[in-house]
Amino acid sequence: AGLDMVVGIFQDSPLDGRRRALFIITDGVIQDESLLTSARAKLSSQQVEVFGIVVRRFETHTQLDSQAEEILKPITSTPHSDHFMNVDMNELADEDGPLTKMCDLMTVASWEHMPCGKH
């Protein structure tokens, strides 16, 4: 599964004081749900901060969006409100959207905007 590969990447990377961050972006339900708890525990032991974004096709939430959120949200770092978003596709790339706010993954603590050069 994809998360096992990510665990391996972090495992092979030295703990050298930099923050470790993983961003999981999905537009549907994660298929390997049974493997998430184990992978999340391994990521926690490797000091990896996990963020999650469910991308919706529409402004309104569909049943599929809600299912994706129910699976992804629990594996994000706590507090979940700082590490999880459910956004529509248009919001994702907006000037004020989450991708714009991710200037430097090693210094961003949550979804709060941190301008480049002010680290």
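The legends below describe close-up views of a predicted model.

**View 1. The whole protein chain holds six helices and three strands.** From the N terminus, the elements run α-β-α-β-α-α-β-α-α. The chain has 119 residues, and 38% of them count as buried. Its accessible surface comes to about 7200 Å². Carbon and sulfur atoms contribute 52% of that surface. Among contacts with a separation of 6 or more, 70% link residues 24 or more positions apart.

**View 2. Three strands form an open, parallel sheet.** The strand order is 1-2-3. Strand 1 (20-26) and strand 3 (84-88) are the edge strands, and each pairs on one side only. On average, neighbouring strands are turned by 20 degrees against each other, direction ignored. Five bridges join strand 2 to strand 3 in the parallel sense. Val55 stands opposite Val87 of strand 3.

**View 3. Helix 1 packs on the sheet.** This helix spans residues 2-11 and touches strand 1 and strand 2. Its direction makes about 165 degrees with that of strand 1.

**View 4. Helix 3 lies across strand 1, strand 2 and strand 3.** The helix covers residues 63-72. It runs at about 175 degrees to strand 2.

**View 5. The side chains of Glu49 and His83 meet in a polar contact.** The contact is 2.6 Å. Glu49 lies in strand 2, which covers residues 48-56. The relative accessible area of Glu49 is 16%, so Glu49 counts as buried, the cut-off being under 20%.

Definitions and conventions. Residues numbered from 1 in each chain as written. Predicted model: local features only at pLDDT ≥ 70, side-chain atom pairs only at ≥ 80, totals over all residues. Heavy atoms only, no water. Helix = DSSP H or I, 4+ residues; strand = E, 2+ residues; numbered from the N terminus. Buried < 20%, exposed > 50% of the residue type's maximum accessible area, 1.4 Å probe, protein only. Contact = heavy atoms within 4.5 Å. Areas by Shrake-Rupley, 256 points an atom, 1.4 Å probe, with all protein chains shown as cover. Polar contact = N/O pair within 3.5 Å; in protein donor to acceptor, adjacent residues only side chain to side chain. Pairing = 2+ DSSP bridges. Axes fitted to C-alpha atoms, helices over the stretch in contact; angles between N-to-C directions.
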